[in-house]
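This report introduces the structure to a reader who has not met it before. It begins with the strands of one chain, then turns to helices and to the contact between chains.

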Amino acid sequence: MSLRYPSRTVAKAKRNLAEIFMRAIDVHTHPILREDRRGRTGAGPLLARARAHGIEHVVALGDVLVHGRSPTAAQIRRINDDTAWLVAQHPEFVTGFCYLNPTLGEHAVRHEVERCVARGFRGLKLEIANNARDACMRPVMAAAEHHGLVVLQHAWSMTKIRQRRYHTDPEDVATLARRFPNVRIIMAHLTGCGVRGVLAVKACANLVVDTSGAAPEEGLVEFAVEHLGANRVLYGSDVPVRDFGVALARVTGSRLDDATKRKILRENARALLRLP
Amino acid sequence: MNYFDANTWVGRWPFSFQPAHTPRTLVAHLRPHGVRRALVSPLDAVLAPSPGPANRDLLRTTRGLAALVPVPIINPGLADWREELAVVAADSRVRAVRVLPNYHSYRLRSRAMHALAAELTRRRLALIVQVRLVDERHEFHAMRLKGVPPTDLDRFLKQHPKLRVLACGLTRNELFKLAPEHPHLLADLSFVEWHDTLRDALTKASPRQLVFGSHTPFFITAASRAKVSTAAIRPRTMAAIAGGNLARFHP
């Protein structure tokens, strides 16, 4: 099936933008994801679709699936090279986050962070190589603090799945945030973290949560705003695993007021990432 | 665009903060989203010892509400399922029943389920298989539930080729396994998602197999609708998925 979008589609998307009545910054995307069998060639159409939905900027987190949960240093470099290529192609539209495997050790982490910072990356992405409470996170967080980088930590409430050895629960992100109060942290996947996760991180002022994860379950965005405040919730989609339209409508279709929706969709991310 | 929703619920679900709709509040909620008709089932029948009282309540409270099409729940694991089916089928609005094998602790390959399929075929009623209500990872921590196995549904469909079946709650991967094998199977989109969901789903499923299902009030209705309304597909295909296919399944 062709990935080109006819003018009819663009017109419809513009109508959709008017319906949404606000622009958005997406803090959680994977424009290059080989599970989708598209690689770099798929990123352009995906970003075009983002623009058609009224998204003005995305954070690219790298292909966190292609090499399993614990990629080697060389694999990490290739993933971050892909992200750097995408940023170079769309410098006004894409912010890169450096994907890391903290279990590779301090030297590898520091080297990769410095390589990515030199290429303009503004954050670090952590997936499921280890749990966020593990000691191997120290050099990661030290590098984040040193370079003023935002840390986006994958999280899911795993009380039933029992993979906590390497999978991070919201409670573990809260531990990380308390240990490193000077580092700004995005806890990914509000829907995966759920009510329990929101309550776990409530007291962590240096931590915000993105709205991505799972299906668009009712009531969670409102719950997060009620308990964390309107400034601590950010729009994120997790595309290509999720659909831009669905992800945006989690916020626009919520019972929140328009000012709060604008904060979640754009203003909070703009401030966090220091975008113009 | 007029939407015909395959997957809505009334009643209370105790494990989330979702709204507990009555039929009237559900109609009022769906209307602004362009949903003109919806198949609706009672949540109170899911966890109750027997679905009978909740089914009776559903049939009574939806009377006079043309926008809602009642879909009672049948539990073939109970000894009185034939009597329950006879009672609900006596209501002329009932053209389909819904089953929840994972919540009612039986398999689609069970003898009782095959008996139910035969009885539905005889009565010219359709079957809706609710594969899941909730993402298994997010079920209440004291519940140990998984979705209906796709292999069970595959075998069931092969054994009952004349029965009209709609599967609600299939994931993308499950849809991709089942849709090409079973061209007469209908599937709702409530749990199917990928960037540009419909174009992706249509790489494996035929345009006649997909139906809009919001899964209200578990899911945000506007978000479910966005899968269809923002899809980059032909208007004719969109109209079929928004409502035409379900209207054919449930005339």
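## Strands and helices of chain B

Val129(B) stands opposite Ala167(B), a residue of strand 6 of chain B. The model that shows this pairing is predicted. Strand 5 (residues 126–130) of chain B runs parallel to strand 6 of chain B, and four bridges pair them. Together with helix 7 (residues 150–159) of chain B, these two strands make a right-handed β-α-β unit.

Strand 6 of chain B covers residues 165–168. Val165(B) and Ala167(B) point one way from the strand, Leu166(B) and Cys168(B) point the other way, and all are buried. Such a pattern has a general background: side chains in a regular strand alternate between the two faces of the sheet.

Strand 6 of chain B also pairs with strand 7 (residues 186–188) of chain B, in the parallel sense and over two bridges. Here Leu166(B) has Leu186(B) of strand 7 as its bridge partner. Between these strands the chain passes through helix 8 (residues 172–178) of chain B, and this β-α-β crossover is right-handed.

Strand 5 of chain B has a further parallel neighbour in strand 4 of chain B, to which four bridges join it. In that pairing, Leu127(B) of strand 5 is the bridge partner of Val97(B).

The pairings described above belong to an open, parallel sheet of five strands in chain B, in the order 4-5-6-7-8. Strand 4 (96–99) and strand 8 (210–211) of chain B are at its edges with a single partner strand each, so one side of each has no neighbour in the sheet.

The table gives three strand pairings of chain B.

| Strands of chain B | Sense | Bridges |
|---|---|---|
| Strand 4 and strand 5 | parallel | four bridges |
| Strand 5 and strand 6 | parallel | four bridges |
| Strand 6 and strand 7 | parallel | two bridges |

## Two helices of chain B

What length should helix 6 (residues 111–123) of chain B span? At 1.5 Å a residue, its 13 residues should span 18 Å, and the end C-alpha atoms are 19 Å apart, which agrees. The buried residues of helix 6 of chain B are Met113(B), Leu116(B), Ala117(B) and Leu120(B). Seen down the axis, they fall within an arc of 100 degrees, so they line one face of the helix. An α-helix has 3.6 residues a turn, so residues three or four places apart point the same way. Arg111(B) and Arg122(B) are exposed on the other side of helix 6 of chain B. The cover over the buried residues includes helix 4 (81–89) and strand 5 of chain B. Just after helix 6 of chain B, Arg124(B) has a positive phi of about 60 degrees.

Helix 1 (residues 23–30) of chain B has Pro23(B), Leu26(B), Val27(B) and Leu30(B) as its buried residues. Their arc around the axis is only 100 degrees, which puts them on the same side of the helix. Among the elements that cover them are strand 1 (3–10), helix 3 (52–61) and helix 10 (221–229) of chain B.

## Where the chains meet

In the contact between the chains, 30 residues of chain A meet 27 residues of chain B. Helix 1 (7–20), helix 2 (43–52) and helix 9 (244–252) of chain A each supply at least two residues of the side of chain A that touches chain B. Helix 9 of chain A gives the most, with six residues. The residues on this side of chain A divide into 14 nonpolar, nine polar and seven charged.

How values were computed: Residues are numbered from 1 along each chain as its sequence is written. Chains are lettered from A and ligands numbered from 1 in the order in which they are written. This is a predicted model: local features need pLDDT of at least 70, side-chain atom pairs count only at pLDDT 80 or more; totals for chains, interfaces and linings use all residues. A residue is buried if 20 or more other C-beta atoms lie within 10 Å of its own, exposed if 12 or fewer, and partly exposed in between; C-beta atoms are placed from the backbone. The arc is that of the directions from the helix axis to the C-beta atoms. Two residues are in contact if their C-beta atoms, placed from the backbone, lie within 7 Å. Ala, Val, Leu, Ile, Met, Phe, Trp, Tyr, Cys and Pro count as nonpolar, Asp, Glu, Lys and Arg as charged, and the others, Gly among them, as polar. Two strands pair if DSSP finds at least two bridges between them. A crossover is right-handed if, with the strands pointing away from the viewer, the path from the first strand over the helix to the second runs clockwise. The expected span of a helix is 1.5 Å times one less than its number of residues.
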